[in-house]
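Please look over the sequence and the three-dimensional model below before reading on. The report then moves from the whole chain to its sheet, its helices and a few single residues.

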Amino acid sequence: RVKPVATTPGTVVELFVDVLHTGPSLILFGAGHVGQAVMRVMVGTAFRVHVVDDRSEWLDAPEVPKAVVRHHGPWDEMVDELTWDAKRTHVAVMTHRHDVDQAIVEHVLRRPHAYLGLIGSRTKWAKFRARLGEKGVTKEALDSVKCPIGLDVGGKAPAEVAVSVAAELLRLHHRGLR
């Protein structure tokens with residue numbers, strides 16, 4: 001942003017100010033119904049929300065809040081644009097395809113992050129876990145993945161899942177709990 005600053009009469013200096021976000025970030029892979037609900041709940045919290053999706057109709061939907069940073073394209077091309085930090089980067093994986101979810105989880109496990117959550121059932125995670133273990137992913141890394149994502153509030157509707165995910169992330173951020 002450019003902010004004009006008056007110095008002496010008749011001269012103006014332009015000062016460039018770039019606001020850096022130093023708080024936590026949420027990288028959300030998937031802009032579907034649940035992803036959009038998570039975005040809506042998380043906007044206005046300490047988290048800067050990013051969403052990655054290659055489907056324009058979902059990413060550009062009016063339900064995606066304006067404050068969300070949108071990354072349009074294949075997930076594997078977008079990850080290098082993102083900032084990865086072991087204390088501030090939180091990741092939620094909820095795409096529309098299981099094979100893509102597994103590939104993203106495998107990739108994120110090699111990047112620094114504070115949290116990695118995956119939408120789905122315990123059965124889905126057991127299958128992913130076995131496949132990733134066969135690929136050499138360590139037990140410690142696999143144990144760090146939260147699946148099903150969010151706190152167990154009992155609801156399955158997108159808004160209910162979003163509240164459970166937000167509560168888990170906010171608890172982790174504010175209290176340092178997992």
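What follows is a description of this predicted model, beginning with the chain and ending with two of its residues.

**The chain as a whole**

The chain contains 7 helices and 8 strands, and of its 178 residues, 43% count as buried. Its accessible surface comes to about 10100 Å², and 55% of that surface belongs to carbon and sulfur atoms. If one takes the contacts between residues at least 6 apart in sequence, 55% of them join residues at least 24 apart.

**The sheet**

In general, the strands of a sheet pair through backbone hydrogen bonds, and the pairing can be either parallel or antiparallel. In this model, 6 strands form an open sheet whose order is E5-E4-E3-E6-E7-E8, and the pairing is parallel. Strand E5 (69-72) and strand E8 (145-146) stand at the edges with a single partner strand each, so one side of each is left without a neighbour in the sheet. At the E8 edge, strand E7 (residues 115-118) is joined to E8 by 2 bridges, and these two strands run parallel. The bridge partner of Gly117 in E8 is Lys146.

Helix H1 (residues 33-42) lies across strand E3 (25-29) and strand E4 (48-53), and the helix runs at about 165 degrees to E3.

**Helices H4 and H5**

Which residues of H5 are buried? They are Lys124, Trp125, Phe128 and Leu132. These residues cover an arc of only 90 degrees around the axis, which puts them on the same side of H5. The face turned away from that buried side carries the exposed residues Arg122, Thr123 and Glu134. Helix H5 (residues 122-134) has 13 residues and reaches 18 Å from its first C-alpha to its last, close to the 18 Å expected at 1.5 Å a residue. Just after H5, Gly136 takes a positive phi of about 95 degrees.

Helix H4 is mostly covered, with 8 of its 11 residues buried, and among these buried residues are Val100, Ile104 and Val105 as well as Asp101 and Glu106. The table sets out what the buried residues of each of these two helices pack against.

| Helix | Elements that its buried residues pack against |
|---|---|
| H5 | helix H4 (98-108), E7, helix H6 (139-143) and E8 |
| H4 | E3, helix H3 (75-78), strand E6 (89-93), E7, H5 and E8 |

The buried residues of H5 thus pack against H4, among other elements, and those of H4 pack against H5, again among other elements.

**Two residues, Thr22 and Ser25**

Is Thr22 buried or exposed? A residue counts as exposed when its relative accessible area is over 50%, and because Thr22 has 59% relative accessibility, Thr22 counts as exposed. Thr22 lies in the loop between strand E2 (12-16) and E3. Although Thr22 and Arg88 are 66 residues apart along the chain, their C-alpha atoms are separated by 8.2 Å.

Ser25, by contrast, lies in strand E3 and is buried, with a relative accessible area of 11%. Ser25 and Arg48 are 23 residues apart in sequence, yet they are 4.6 Å apart in space, C-alpha to C-alpha. Leaving aside residues up to four places away in sequence, Ser25 touches Phe47, Arg48, His50, Arg88, Thr89 and His90.

Terms used. Residues are numbered from 1 along each chain as its sequence is written. This is a predicted model: local features need pLDDT of at least 70, side-chain atom pairs count only at pLDDT 80 or more; totals for chains, interfaces and linings use all residues. Side-chain values use heavy atoms; hydrogens and water are left out. Two strands pair if DSSP finds at least two bridges between them. Helices (H or I, at least four residues) and strands (E, at least two) are DSSP runs, numbered from the N terminus. Contact means heavy atoms within 4.5 Å. Axes are lines fitted to C-alpha atoms, for helices over the stretch in contact, and angles run from 0 to 180 degrees between N-to-C directions. The expected span of a helix is 1.5 Å times one less than its number of residues. Buried means under 20% relative accessible area, exposed over 50%, partly exposed in between (1.4 Å probe, protein chains only). The arc is that of the directions from the helix axis to the C-beta atoms. Accessible areas come from the Shrake-Rupley method with a 1.4 Å probe; for residues, only the protein chains shown count as cover.
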